Amino acid sequence: MAAPSVFLLAVSGEIESGEFPGFDDLYCKFSFVYGQDWVPTAGLEEGISQITSKSSVSPTTLVWNFPIDITFKSTNPFGWPQIVLSVYGPDFFGHDVARGYGAVHVPFVPGRHKRTIAMFVPESTSRLQQLTSWFTGRRPEFTDPKVVAQGEGREVTRVRSQGFVTISFNVMTKDLHKLGYDLPPAEGPGAQGLRGF
Amino acid sequence: KNSQEENLKKILNLNTSPFFSVSDLPPVPSTSRTSFAELSVRQRMREKLKAAKTKAEITLSQEEPSPQPRRLKGIRERKPGLALDKTVKMCIFQNDFPSEEEAYNFFTFNFDAVPEKMKAGARKRNGLNEEEVEEECVETHEDEQEDEMDEDVHLVKDDDLFLGQTDEDLVVMKPVDCESYTEQLKREKEFLFVPSMLAVPASEKMPRNMQPRYLEDEGLYTGERPFVSQSNQNILENRILRQDQVKWFGDDGKILALPNPIKQSSTRPPIFSLEEGIAPELETVYRKAIKMTSTNQYFVGPGDFQGMFQLDIDISGLIFTHHPCFSREHVLAAKLAQLYDQYLARKQKNLTKLLTDKLHALRSAVQSRIGGDGDGVPVAQQSIPEYKMEIRQTRRLRDAEQEKDRTLLKTIIKVWKQIKSLRDFQKFTNTPMKLYLRKEEVDQKSDEKAYEAEIQAEIKELLEECMEEYEKKMEEYKTELQDWKSWRKTQSKKKKKKKDANADEESEEDFGEERIKPIPPKMADSLEIEQQVREKADNCRRKPGEPILVPELTLSGSITPTEQCPRAEVSRREDVKKRSAFIKVLFNSKEVSRTVTRPIGSDFRVHFGQIFNLQIINWPESLKLQIYETTGISSTTLLAEVFLPVPETAVLTGSAPLEEIEFSSDQRVMLDHEGVGSGVSFSFEADGSNKITLMTSGKVSSSVSWAVGEKGIPLIPPLSQQNTGIPSALKNIDAIASIGTSGLTDMKKLAKWAAEAKLDPNDPNNAALMQLITITTNGEAHVPDFFRLEQLQQEFNFVSDEEFNRSKRFRLLQLRNAEVAEFRNYKQVPLHEREISEKIFQDYEKRVQEGDVIDSKNYLDAHRAVVANYLQKVRESVINRFLIAKHHFLLSDLVNEEEIPSLGILGLGLFKLAEPKRPLRPRRKERKKVTAQNLSDGDIKLLVNIIRAYDIPVRKPVMSKLQQPSKSSRSFNEMFAASPSAQSPPNSPDWAFNQVFVRPFVEVSFQRTVCRTTTAEGPSPCWNEELEVPFRAPNGDYSTHSLQSVRDEVFINVFDEVLHDAVEDDRERGSGIHTRIERHWLGCVKIPFTTIYFQARIDGTFKVNIPPVLLGYSKEKNVGMERGYDSVRNLSEGSYITLFITIEPQLIPGESVREKFDTQEDEKLLQAAEKYEAECTSKFPSRQCLTTVIDLDGKTVFITRYIKPLNPPQELLDAVPDRSQTAELVARYVALIPFLPDSVSFAGICDLWSTSDQFLYLLAGDEEEHAVLLCNYFLGMGKKAWLIIGNAIPEGPTAYVLTLEQSQYVIWNPSTGCFYGQYDTFCPLQNVYCLISCDNIWFNMQEYDSPGRINFDTSKPKHWKPFFSRSFPFPGLRSIQPEELTYEHSDKAAALELQSRIEKILKDKIMEWRPTRPTRWNRHCTSTLRNFLPLLEQNQGKDVEDDHQAELQKQLGYYRVSGFPIHMPYSEVRPLIEAVHSTGVHTIDVSNVEFALAVYVHAYPQNVLSIWIYVASLVRNR
């Protein structure tokens, strides 16, 4: 068999739940951001979840359990995929408002991983803006949720942290080692989780 | 038992003091006992004492475990200090009276059982003596007191106790128990240790049997110990010794210590405040900004800067005293000259004369002393020997001088003779030297007399001298003789003794000491002396009667001309001619200037006569001259270095004398001609003996002096800056202070400094320096002559550089990261080298390499290729700037945020609520704008709404041609006989109404995507259709900057759909309809994508660009339309189409780079411009006010500077006699310069305005450049012209030109060359904002701004607000345009070549576009068409002569021809191809179609090319 020219990264898992104190009826969007050398070969690159409400009994987390399943092929670890999450929900007047943005890299190490992402939203530039945005229901949003996956230009924004989202990943790689990229063996919480099973 | 008792007593004794102190206290007032009897008290006391005693005894004897002894024991164990404490405690206790309870507790706690026992004991014992009682009193007292308390509390009824208590009894008066100091010391001594201050003997400090070892002596570095006073050190040592910790001592017996950490000089200078109340650190000091003379390392600091000082170095010339090219004669001549110089110098000093005079004076003085009052003054007597000594010395000196004089003279003569003989020998003369010996005759007799007298005097003196010496020696002899004699005697005695003693050895010793008998001195012989004197005089003095010889050296001799010299000499002279010399001036070992190179003359003198003014800042360290000699052209050798002394401060320019400084060089030169060479031995002798070796040497005459400033102040740096100014201590420490930073790189200097400063070579701090010095001075290691900034860079590289450069993958990644256009969006860079093909880089490399190579394929024209390259470079640099700016984000780029609604908007919003829900005339709503960054292919669509068209050309029936007047000035687009038979008039229903038929449809083609509307009918069709054309960005890059540089154009083509009967067989006619659809291109509208992008929407009626000749079509006449000033000429124009174009989704056009440009304009002017703009825009916010623009260099320039009358090409002026026609021609010429929007050429940057000459050179520009050039031409032609800044369709904000013709205003579109009257309905100019002339700007203050509704009279300030007014007059800004434009003449040959090449390319393309069908070219038609084209150009597409049309018809009668000429300005080939493609001529689908294509290129001056392309398709008629 000829030496491989690409390596594959298969990611499955789910956006499990979120904690957004004070907010309810939220839904979640996700998209993958990856470098120029990456190509998704199978699965959904973007998705939108159902609206979920808090349960009346504790734990009062918002559970989406939204599956993600995507396979990438790549020639270069540079630009390793990141999952970008943005959570929306209705405000007092019923307008859809961004409740949180967040991003995390897909784990490098094969195995089961759980990630809790701290979410944040952009802030209004002034008090008056805040008031008008509250009235009009058009809070400041990122022009593109993908900006949270990049470092450039972030210095001009101000954000407020707001809530957490928990994601679990099951990561598999193929040919990564053959192409000369060494990864440490699977360990950490993911591996333990496996052992637990 | 007794001993126990004693013990107890002692213990009790110890306890005394506390209780006494208690009793010293004043009586307690609360005790209120009034009646007590003294006696009874005493008795009871005694009893009680006894009791106590017994009690104690009992307790002890019985050895009961009672609490008391235990307590006592505890006391004993305690230290005395604690006891004292207790006392104090007690005192306090007593002082603030205890509460009853406390008191009770205190007293009852310890002594519970005492009272009963005491009573019992008291009776038993009596025999205690008084003293004991007294001693023990305390104890009892305590008991008593306790009892007393008991009573107080318990109200005890016991009488005895009650009675026995009085104040006097309880209180014992005693002085304060105060320990004396000495006692205290004594006691402290027991437990305190005071180390002694005496020095500790070294032996104690060392471990036993060890000798102290001094590391310093062994050459190890020890460092400087911090200073600690000796006594302190001793104390410390003593203390450490006491603790027996020898480990604190080093091997040398000293306490271990780190080197002194204190710096010798403070790093931070102290700050002194001038003003009070402000902390010195915070005080601000104003310092004038100074120009850094950064290269000067001697910069003392801004505070010390006192300006430039000046050192004048005058180098007047150079004389070689020896040079390799010297001939033998030269050597001798130089020697002679040297000797002569010496002679002259001696003569000037005239030492001989001086000494002779002195001698005479001394002699006479002696004479007078002896002769006169000889025994008169004793002092004088004494001085006679001194005088004599003096005489002797002077005489000796004089003799030496005389001898020197004489030998000098002799050698001069000898050398001169040598020269003469040499000249005779070699038969030519090289030097102009001539020596004359002038004889001065003297009187023989007087001379002889003086000579003799001199000799006699000398003899006499010598005799005296000899006598004295003889006497002295005689004395010495006598004493010696005496000694000898006595010695002799003792010797003989000894011998006698020895004979008796018979001791051999001793005698031997004595014999060794045998003395020689002194020799008596000889008496001097007067004759001998005389002879000596005479001999000497002969040698060194002129003989009497001999004439005095005065040598005189002149340069009057003649040099033998070169022709008469032998070959060796000739070659020598030629060699000399080749040589030249110059001198470098080095200041602080840096070359500051050099003299001109001057040839070395035949006399080996070089005259420079140059004065160098050195502007210096600090006191110079060294001044050096380097003498260089150049031979021939190239080789330059350093002959020698001469150090010039730094002049004293008193040496000023003007007063400094020229000094001659000698130099010599040790270089060895051997020459193959007469020249003697340097460092080579040669001889004057024929046999080669008597060899001499001479080195190149010479003298530089120069002077160094300080310049004098303007006010007569010498420009001398302050003396403090001299080396003495730097404190020597600092100098020792700081290498930079002493030798300067440049010295640091000079190893020799550094080593010298290190030696001088006595740096400790063992100090680790100096290790690096020392190593460096040793290495460099030894020359063992190579010191790199470079400085590495990132030393460890190599270690961090993950692959070696070679590998990195070799790897294609890395290269690809690198290029992509650098955002190189070709690779910017390259996806999936392969992992393996082998998967990357070389092809990827080929294009890029080609582009990079062929940056300057003219790409003739695309441009076909050398000049345009050069310009394109130039533009490409400018573009790249601008893009690079833009790329940087692109990475600066604003909040709005990242975050969408609603803007705060202003009051007006809120009001409007309220008003909107009242609006009808469905208005009759709905308005377009503003769409949401999309930033371009997150778009991908297929997201962007171009919406083209084709509404209607007017005046479409109609088909011309065949018959009509005959009815047409043969020639009409009004209709130039005559129909060619082409209309086919299929569309025969009777068949057409329209024909009945005498109407020609046309079925136009519109096709939009953009990026080769084609959309078309349905077919409408008639010359004024109405489509009302929306077409969607997808947009693809280049390279899939949808960033703003990429979109801005899209150069694609939207072609909106109007076609006529023609149906042809395709039935070939008449029999089928009945059963079916077979038609073939053909389309004929009628005209087009081109709109660049960038225009749409920036305008967001384009809405209006546009003129359709219809070719001047449209075969088979004619134009309906518009009657009654009066347009322009020349109404006759303009009727033919005009087919119009109404369009609406927009982009879906709406894109946010890129903002111009946020940058402030620098400027050379006056600040006041700029402020005025800003104010003016603000005023204008506040009144009319929608109207653009333009005062300053940016030129090609990126500088802000005031706009009026662009307007200046300029000469149009003379060719154009000569072309037509009519002046009005000339104007049109000029406009056409300007329009022929290709249009290239700035946003394309300079992505992102706002408008750049190039001047007219730049524009003509670049041959590309947008509206402004065209307008400025046209306006300048019009002004140059004497017209009244203005620049209009306004808004037009489809360009958007643009510039037009306004002229005043015969009291009518005419608006010119500079990019098309068209002109419109002020009231022309179809004028593309929609709004007028500003008018600009060469000296003013007027802003439109009228209510309306469409040209038809405004007044162009700028003299009315109500209508036009001027920039320069009476309050701010025009300052006379100079134009930035050139004085005059020069034009290159048109190159007809190149045009012809270009023509054929374009033709070939287009033909190839058409064939390429028809891949499935054969493309046949009709050569006959092509040549016919080719003949038409020059005519079209000549008439500017207006009139075509009928002859040619007829000819075409005649020649091509069998064909159905449809075709048209396209006219374009020429920039490059691509637009031509696009234009031809868009017409769709190639799409004709008839099997037997033939094509004709002709190209004509007309060259205008300055390489402006007008291109005509005639395309036609021919279908043969059956």
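This passage walks through the contact between chain A and chain B, then two sheets in chain B and the salt bridges. The model is a predicted one, and every value below is computed from it.

Starting with the contact, chain B puts in 30 residues and chain A puts in 36 residues. Together the two chains bury about 2,600 Å², with 53% of that area on carbon and sulfur atoms. As for specific pairings, the interface has one salt bridge and six residue pairs in polar contact, counting pairs with both residues at pLDDT 80 or more. On the chain B side, the elements that supply two or more residues are α27 (808–817), α31 (891–894) and β14 (895–896). Of these, α31(B) gives the most, with four residues. Sorted by type, the chain B side that touches chain A comes out as twelve nonpolar, eight polar and ten charged residues.

The salt bridge across the interface runs between B:Arg816 and A:Asp37, and their closest N and O atoms sit 2.6 Å apart. Side chains of opposite charge can pair when their charged atoms come close. B:Arg816 falls within the 808–817 span of α27 of chain B, one of the elements listed for this side of the contact.

Backbone pairing also crosses from one chain to the other. Strand β9 of chain A (residues 141–142) is joined to β14(B) by two bridges, and the two strands run antiparallel. Within that pairing, A:Glu141 has B:Asn896 as its bridge partner. β14 of chain B is also among the elements that give two or more residues to the side touching chain A.

Turning to chain B itself, one open sheet has four strands in the order β7-β1-β13-β10, paired in the antiparallel sense. β7 (605–616) and β10 (659–664) are at the edges with a single partner strand each, so one side of each is left without a neighbour in the sheet. From one strand to the next, the twist averages 25°. Inside this sheet, strand β1 (residues 309–322) and strand β13 (residues 697–706) of chain B run antiparallel and are held by ten bridges. One of the residue pairings here is B:Leu318 with B:Val700 in β13(B).

Another open sheet of four strands in chain B follows the order β19-β15-β24-β22, again with antiparallel pairing. Its edge strands are β19 (1022–1030) and β22 (1097–1103), each of which pairs on one side only. Here the twist averages 20° from one strand to the next. The edge strand β22(B) pairs with β24 of chain B (residues 1136–1144) through seven bridges, in the antiparallel sense. In this pairing, B:Thr1101 stands opposite B:Thr1138 of β24(B).

Looking at the whole structure, the search turns up 38 salt bridges over all chains. Among them is a pair within chain A, A:Lys146 with A:Glu46, whose closest N and O atoms are 4.0 Å apart. A:Lys146 lies in the loop between β9 and β10 (159–174) of chain A, while A:Glu46 belongs to strand β4 (residues 46–48), so the pair ties together parts of chain A that are 100 residues apart in sequence. Strand β9 of chain A, at one end of that loop, is also the strand joined to β14(B) across the interface.

Key
Residues are numbered from 1 along each chain as its sequence is written. Chains are lettered from A and ligands numbered from 1 in the order in which they are written. This is a predicted model: local features need pLDDT of at least 70, side-chain atom pairs count only at pLDDT 80 or more; totals for chains, interfaces and linings use all residues. Side-chain values use heavy atoms; hydrogens and water are left out. Contact means heavy atoms within 4.5 Å. Buried area is the accessible area (1.4 Å probe) that two parts lose on being put together, summed over both. A salt bridge is a side-chain nitrogen of Lys or Arg within 4 Å of a carboxyl oxygen of Asp or Glu. A polar contact is a pair of N or O atoms within 3.5 Å; within protein, one must be able to donate a hydrogen and the other to accept it, and residues adjacent in sequence count only if both atoms are side-chain atoms. Ala, Val, Leu, Ile, Met, Phe, Trp, Tyr, Cys and Pro count as nonpolar, Asp, Glu, Lys and Arg as charged, and the others, Gly among them, as polar. Two strands pair if DSSP finds at least two bridges between them. Axes are lines fitted to C-alpha atoms, for helices over the stretch in contact, and angles run from 0 to 180 degrees between N-to-C directions.
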